[in-house]
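Welcome! Here is a friendly walk through a protein that may be new to you. Take a moment with the sequence and the 3D view, and then read on.

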Amino acid sequence: TKFRSGIKDDLLRARKALGNLKQNKAKIRIPMLGRLENLQILCYTDASLGSLNGGEDSTGGYIIFLTNEHRILCAPLDWQANKTRRVARSTLTAEALSLCDGLEAAIHLRDVIEELCGIKCGTIKIHGLVDNQSTVDAVRSTTVVSDKRLRREIAVVKQMLERGEVETLSWVPGSE
């Protein structure tokens with residue numbers, strides 16, 4: 001980003017882009033996904049180590065989809081891409097921070113949907129998807145990670161899985 005090194009021309013370009021966004025209509029079409037009891041939430045997360053402010057800060061993001069049991073039809077519910085909450089010392093840290101944030105947002109959305117639709121709590125299953133195998137391994141391992149601050153994030157995700165708040169956590173290739 002150019003937050004620390006931006007110039008007047010950058011601000012003018014940003015202002016022009018915002019003006020264009022305000023003038024053009026945008027729509028998100030949500031398809032008929034089927035029976036409420038068969039819905040699932042997919043939470044894809046990703047991160048990039050040292051991608052902001054000259055390599056000091058990292059970027060993390062997620063996108064959450066509501067989908068049917070066959071995962072053929074889906075609708076985006078929420079997405080976010082921001083600087084991570086803290087400085088990450090490794091790719092694993094950046095990915096774990098992003099995963100934790102994404103799953104927390106997915107759980108919240110699931111709870112809201114179930115309450116609004118009047119269906120039993122926990123009916124809609126949440127599936128976490130991450131493109132970093134080390135993150136999945138750290139969550140599944142009984143051995144603690146060496147980074148003491150990272151242990152909390154990993155423990156939060158483990159607890160989500162143990163309590164059944166999140167059904168599965170899977171690795172997907174970054175190219176998909």
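One cut-off will help from the start: a residue is called buried when its relative accessible area is under 20%, exposed when that value is over 50%, and partly exposed in between. Please also keep in mind that this is a predicted model.

**The overall picture**

The protein contains 4 helices and 5 strands. Starting at the N terminus, its elements follow the order α-β-β-β-α-β-α-α-β. Along the principal axes, the C-alpha atoms occupy a box of roughly 55 × 50 × 30 Å. Of the 176 residues in the protein, 37% are buried. Among contacts with a separation of 6 or more, 65% are between residues 24 or more positions apart.

**The strands**

A good place to begin is strand β2, where 9 of the 11 residues are buried. β2 pairs with strand β3 (residues 74-83) in the antiparallel sense, through 9 bridges. Within this pairing, Gly-60 faces Asn-82 of β3. The two strands make a hairpin, with 6 residues between them.

Arg-71 sits in the loop that links β2 and β3. Its phi is near 60 degrees, which is a positive value in a residue other than glycine. Because its relative accessibility is 41%, Arg-71 counts as partly exposed.

Strand β4 (residues 125-130) is also mostly covered, with 5 of its 6 residues buried. β4 is joined to strand β5 (residues 168-171) by 4 bridges, and these two strands run parallel. Here His-127 has Thr-168 of β5 as its bridge partner.

The table sets the two pairings side by side.

| Strand pair | Direction | Bridges |
|---|---|---|
| β2 and β3 | antiparallel | 9 bridges |
| β4 and β5 | parallel | 4 bridges |

**The nonpolar core**

Nonpolar side chains tend to be buried together in soluble globular proteins. In this model, the largest nonpolar core has 31 residues, and those with the most contacts inside it are Ile-41, Ile-64, Leu-103, Ile-126, Val-157 and Leu-169. At least two residues of this core come from each of β1 (40-52), β2 (57-67), α2 (91-117), β4, α3 (133-140) and α4 (148-162). Helix α2 gives the most to this core, with 10 residues.

What does Leu-169 touch, leaving out residues up to four places away in sequence? Its contacts are Leu-99, Gly-128, Leu-129, Val-130, Val-136, Val-139, Arg-140, Val-157 and Leu-161.

**Where two helices meet**

The axes of helices α2 and α4 come within 9 Å and cross at roughly 35 degrees. This crossing of α2 and α4 is left-handed. On the α2 side, the residues in contact include Leu-92, Ala-96, Leu-99, Leu-103 and Ile-107, while those of α4 include Leu-150, Ile-154, Val-157 and Met-160. Sorted by class, the contact of α2 with α4 has 12 nonpolar, 1 polar and 2 charged residues.

**A closer look at Glu-95 and Thr-45**

Is Glu-95 buried or exposed? Glu-95 has a relative accessibility of 4%, so it counts as buried. You can find Glu-95 in helix α2. Apart from neighbours within four places in sequence, Glu-95 is in contact with Thr-45, Asp-46, Ala-47, Val-130, Asp-131, Asn-132 and Thr-135. The C-alpha atoms of Glu-95 and Leu-42 are separated by 17 Å, and these residues lie 53 residues apart along the chain.

One of those contacts, Thr-45, belongs to strand β1. Thr-45 is buried because its relative accessible area is 5%. Not counting residues up to four places away in sequence, Thr-45 touches Gly-61, Tyr-62, Glu-95, Ser-98, Leu-99, Gly-102, Leu-129, Val-130 and Asp-131. Val-130 and Asp-131 are thus among the residues in contact with Glu-95 and among those touched by Thr-45.

Definitions and conventions:
Residues are numbered from 1 along each chain as its sequence is written. This is a predicted model: local features need pLDDT of at least 70, side-chain atom pairs count only at pLDDT 80 or more; totals for chains, interfaces and linings use all residues. Side-chain values use heavy atoms; hydrogens and water are left out. Buried means under 20% relative accessible area, exposed over 50%, partly exposed in between (1.4 Å probe, protein chains only). Two strands pair if DSSP finds at least two bridges between them. A nonpolar core is a set of buried Ala, Val, Leu, Ile, Met, Phe, Trp, Tyr and Cys residues joined through side-chain atoms within 4.5 Å. Contact means heavy atoms within 4.5 Å. Axes are lines fitted to C-alpha atoms, for helices over the stretch in contact, and angles run from 0 to 180 degrees between N-to-C directions. A crossing is left-handed if the near helix is turned anticlockwise from the far one by less than a right angle, and right-handed if clockwise. Ala, Val, Leu, Ile, Met, Phe, Trp, Tyr, Cys and Pro count as nonpolar, Asp, Glu, Lys and Arg as charged, and the others, Gly among them, as polar.
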